[in-house]
Amino acid sequence: MGGLDPNRAIVHMDLDTFFVSVERKKDNRLNGKPLIIGGTGDRGVVSSCSYEARAFGVHSAMPIRLAKRLCPHAILISGDFEAYSEHSHMVSDIVKEASPLYEKASIDEFYIDLSGMERFFGSYLWARDLRNKVMDETGLPISFGLSVNKMVAKVATGEAKPNGHLQIVAPQVSGFLAPMPVQKIPLVGKKTAQSLTYLGVKTVSNLREIPRPVLERVYGKQGTLLYRRARGEDDAPVIPYTEQKSMSTESTFSQDTIDIVKLRSVLTAMVEKLAFGLRKQRKLTACISVKLRYANFETFTRQARIPYTANDDVLIDKALHLFTRLYDRRIRVRLVGVRLSHLVPGGMQIDLFQDQVRQVDLFQALDGIKRKYGGSSIGKASGIYGGKRALRREDYTGEL
């Protein structure tokens, strides 16, 4: 282990301010304006923001209330995860079709192993053509970095943004990384950066001056990684992409609540959304979990195995049953969540659902409306609270 392998060619591709770009594609009047995407309540956090908002100090994971103080003229959007997932899948399909080996690292970033491509076409030209294809077919900006490993490629992508590309070959790696702040190295978080600054380490070049034993004594195994990454070394392989095994959503209330009707309505709307996502992907689930977090931050979860299904009625009934068993504290609730797991490929199969044909026809008609007008355009009356859809903000930990 160690050193740089000049024969490796790893591309890191990252969709620029992905959520923002999708919103601007939907409404070009948002172009050039500061945008903040995230929960609209005071307890919400920033999921994404435009470069115009970043200029005022706004960044992801920041509390919405602070972001609004920093950039009061920003446009706040609650987000449309259905649209983000759809565009993520569009890009995934393009990358999958073209790439010999790729890894989907998140909803908006990919690693591609092009080692050996030079003898056929040229890794840089290939990556540039793929980037152009993504932009032409999706209308979304995307940047890439190409280098000898995943770490340097990711750093190169960061330097290429917005909407650019950068190649760093093996002899350039050391000089490329040396002047950078240590925070640019993947693995160095806020706390690690603070402790390194305390040691007088501000740049990658400074970090290289610290002997490996010292770093290992202070940071343990992480010290070994710091030593290697300061030199641009990273042996991590590109892991072939595999389909997700679960999908989930949760919602934090703007005010803690003990309103049972509201809680049941939110759960109903959540399950409807997830079930529609299952059917859209032609998948079935065999396990459902419900999570509650009380006002005192105690969190409890119950789950149940069920016959494979993507049926709203079956899943809603089971979710509400789990909720009834779970909610025994009679104190205010801060957050509710639902998770579907044990996913397998499968469509609206009557034998698995034990539905009547009429029910299947109904689901197909409703899904057609949702695909055309959005996942929240129609739903069960029990998913409505106070005359509005109960589910207002979602944070998906899977992909729909």
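**Entry 1. Overview**

I began with the inventory and found 15 helices and 15 strands in the protein, bearing in mind throughout that this is a predicted model. I then looked up burial and contact range: of the 400 residues, 48% count as buried, and among the contacts with a separation of 6 or more, 67% are between residues 24 or more positions apart.

**Entry 2. Helix α12**

I turned to α12, residues 260-280, and checked its span, which from the first C-alpha to the last is 30 Å for 21 residues, close to the 30 Å expected at 1.5 Å a residue. I noted that 16 of those 21 residues are buried, so that α12 is mostly covered by the under 20% criterion for relative accessible area.

At the start of the helix I looked at Asp-259, where a side-chain oxygen reaches to within 3.0 Å of the backbone nitrogen of Val-261. Just after α12 I looked at Arg-282, which takes a positive phi of about 55 degrees.

**Entry 3. α12 against α13**

I next asked how α12 and α13 pack, and recorded an angle of about 140 degrees with the axes 9 Å apart, α13 being residues 312-326. The crossing of these two helices is right-handed.

I listed the residues that meet: from α12 they are Ile-260, Leu-263, Arg-264, Leu-267, Thr-268, Val-271, Glu-272, Ala-275, Leu-278 and Arg-279, and from α13 they are Asp-312, Leu-315, Ile-316, Ala-319, Leu-320, Phe-323 and Thr-324. Sorted by class, the residues of this contact are eleven nonpolar, two polar and four charged. For the spacing along each helix I kept in mind that an α-helix has 3.6 residues a turn, so residues three or four places apart point the same way.

**Entry 4. α4 against α5**

I made the corresponding check on α4 (residues 81-98) and α5 (residues 123-138), whose axes come within 10 Å and cross at roughly 145 degrees. This crossing is right-handed.

On the α4 side the contact is made by His-87, Met-90, Val-91, Ile-94 and Ala-98, and on the α5 side by Trp-126, Leu-130, Lys-133, Val-134, Glu-137 and Thr-138. Here the class count for the contact is seven nonpolar, two polar and two charged residues.

**Entry 5. Val-344 and what it touches**

I located Val-344 in strand β13, residues 344-345, and asked whether the residue is buried or exposed. Val-344 is partly exposed, because its relative accessible area is 26%.

Leaving out residues up to four places away in sequence, I found Val-344 touching Arg-282, Lys-283, Leu-284 and Tyr-308. Of these, Arg-282 is the residue I had already noted just after α12 for its positive phi. For Tyr-308 I also looked up the separation from Val-344, which is 36 residues in sequence and 8.4 Å from C-alpha to C-alpha.

**Entry 6. Backbone geometry in loops**

I kept as background that most residues other than glycine have a negative phi, and most peptide bonds are trans. In the loop between α6 (150-160) and β8 (165-167) I found Pro-162, which is joined to Lys-161 by a cis peptide bond with omega of about 0 degrees.

Asn-163 is found in the loop between α6 and β8, and has a positive phi of about 55 degrees although it is not a glycine. Asn-163 counts as partly exposed because its relative accessible area is 36%.

I then went to Thr-17, in the loop between β1 (10-15) and α1 (18-26), where phi is near 35 degrees, again positive in a residue other than glycine. Thr-17 counts as buried because its relative accessibility is 10%.

**Entry 7. Two further loop residues**

Why does Val-182 count as buried? Val-182 lies in the loop between α7 (173-177) and α8 (190-198), and counts as buried because its relative accessibility is 1%. Residues up to four places away in sequence aside, Val-182 touches Val-188, Leu-196, Val-201, Lys-202, Thr-203, Val-204 and Leu-207. I also noted a separation of 6.7 Å between the C-alpha atoms of Val-182 and Ala-193, which are eleven residues apart along the chain.

Last I looked up Ile-107, in the loop between β5 (102-106) and β6 (109-113). Ile-107 is buried, with a relative accessible area of 15%, and between Ile-107 and His-89, 18 residues apart in sequence, the C-alpha to C-alpha distance is 8.5 Å.

Definitions and conventions
Residues numbered from 1 in each chain as written. Predicted model: local features only at pLDDT ≥ 70, side-chain atom pairs only at ≥ 80, totals over all residues. Heavy atoms only, no water. Axes fitted to C-alpha atoms, helices over the stretch in contact; angles between N-to-C directions. Helix = DSSP H or I, 4+ residues; strand = E, 2+ residues; numbered from the N terminus. Left-handed = near helix turned anticlockwise from the far one by under 90°. Contact = heavy atoms within 4.5 Å. Nonpolar A, V, L, I, M, F, W, Y, C, P; charged D, E, K, R; others polar. Expected span 1.5 Å × (residues − 1). Buried < 20%, exposed > 50% of the residue type's maximum accessible area, 1.4 Å probe, protein only. Polar contact = N/O pair within 3.5 Å; in protein donor to acceptor, adjacent residues only side chain to side chain.
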